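Q: Please take a close look at a single helix in this model and describe its geometry, its burial and its packing against a neighbouring helix.

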Amino acid sequence: MEPNLDELIICRRCETLQKRVELPKKKVAKCIECNEVLYRNIEDSFNKGLAFSITSLILFIIANSFPIITVLITGQINALTIPSMIYSLYNEDFFVVGSIVLVVLVIAPLSVMLSYIIVGVFIKLKIFKSLTRHLIAFLVISKSWEMIDIFTVSILVALVKLFGYAEIHFGLSAVALVLFVIVDIFVLKNIKPVELWTYYSREYCG
Ligand SMILES: [Zn+2]
């Protein structure tokens, strides 16, 4: 019988085509030719992604709670948090920049993290199947946002120039933001659409 395409996997290093098998917990599948790690137990990699999403969410909250940038607005020096910075941008009539910052720094990362966490909880409890399916579809699309983190850093640098006088506040918030970007890249890199769908169908239908 011809194997189903979903059951095949190509080694990233040597491009040998191999058949996918279900792995027990804590096990990894390696290439028969070059020994490259092909994939891990689906539940293990999913749990890892979930743990990183929760870490990422905590860092996100820290990064948004403390001042990240110091600016001079109407003669006064203000230490701004990310939310108050976005508010100031709108207030100073920088609508486009304000909206870009809002999307790049808040909406995009928050929606990915929350979706991953919600999908994780729903799959484990085997509830809200149809909503989970939509969220997974969204996560698959969000994979194309990997560049957004680099964008985040450039935005902050651009902001310093935008406000006549501004400095990045290298406090807890900046550290949290940098860590957040790193963890976020890791989460996005680890979202493998095929695995999400396999895990989904195994938990709800299998
Ligand atoms: Zn190989």
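A: The description below follows one helix from its overall form to its packing. This is a predicted model, in which local features need pLDDT of at least 70, side-chain atom pairs count only at pLDDT 80 or more, and totals for chains, interfaces and linings use all residues. Residues are numbered from 1 along each chain as its sequence is written.

Helix α3 comprises 31 residues, 95-125; helices here are DSSP runs of H or I with at least four residues, numbered from the N terminus. From first to last C-alpha, α3 reaches 42 Å, close to the 45 Å expected at 1.5 Å a residue, that span being 1.5 Å times one less than the number of residues. At V103, α3 bends by about 40 degrees, the angle between axes fitted to the seven residues ending there and the seven starting there. Just after α3, K126 adopts a positive phi of about 55 degrees.

The buried residues of α3 are V101, L105, P109, V112, M113, S115, Y116, V119, F122 and I123, where buried requires 20 or more other C-beta atoms within 10 Å of the residue's own, placed from the backbone.

Helix α1 (residues 42-65) packs against α3, their axes coming within 9 Å and crossing at roughly 135 degrees; axes are lines fitted to C-alpha atoms over the stretch in contact, with angles from 0 to 180 degrees between N-to-C directions. The two helices are therefore oblique, a term for angles that are not under 35, over 145 or 65 to 115 degrees. On the α1 side, the contact involves F46, G49, L50, S53, I54, S56, L57 and F60, and α3 contributes P109, L110, M113, Y116, I117 and G120, contact meaning C-beta atoms, placed from the backbone, within 7 Å.

Note on methods:
A residue is buried if 20 or more other C-beta atoms lie within 10 Å of its own, exposed if 12 or fewer, and partly exposed in between; C-beta atoms are placed from the backbone. Two residues are in contact if their C-beta atoms, placed from the backbone, lie within 7 Å.
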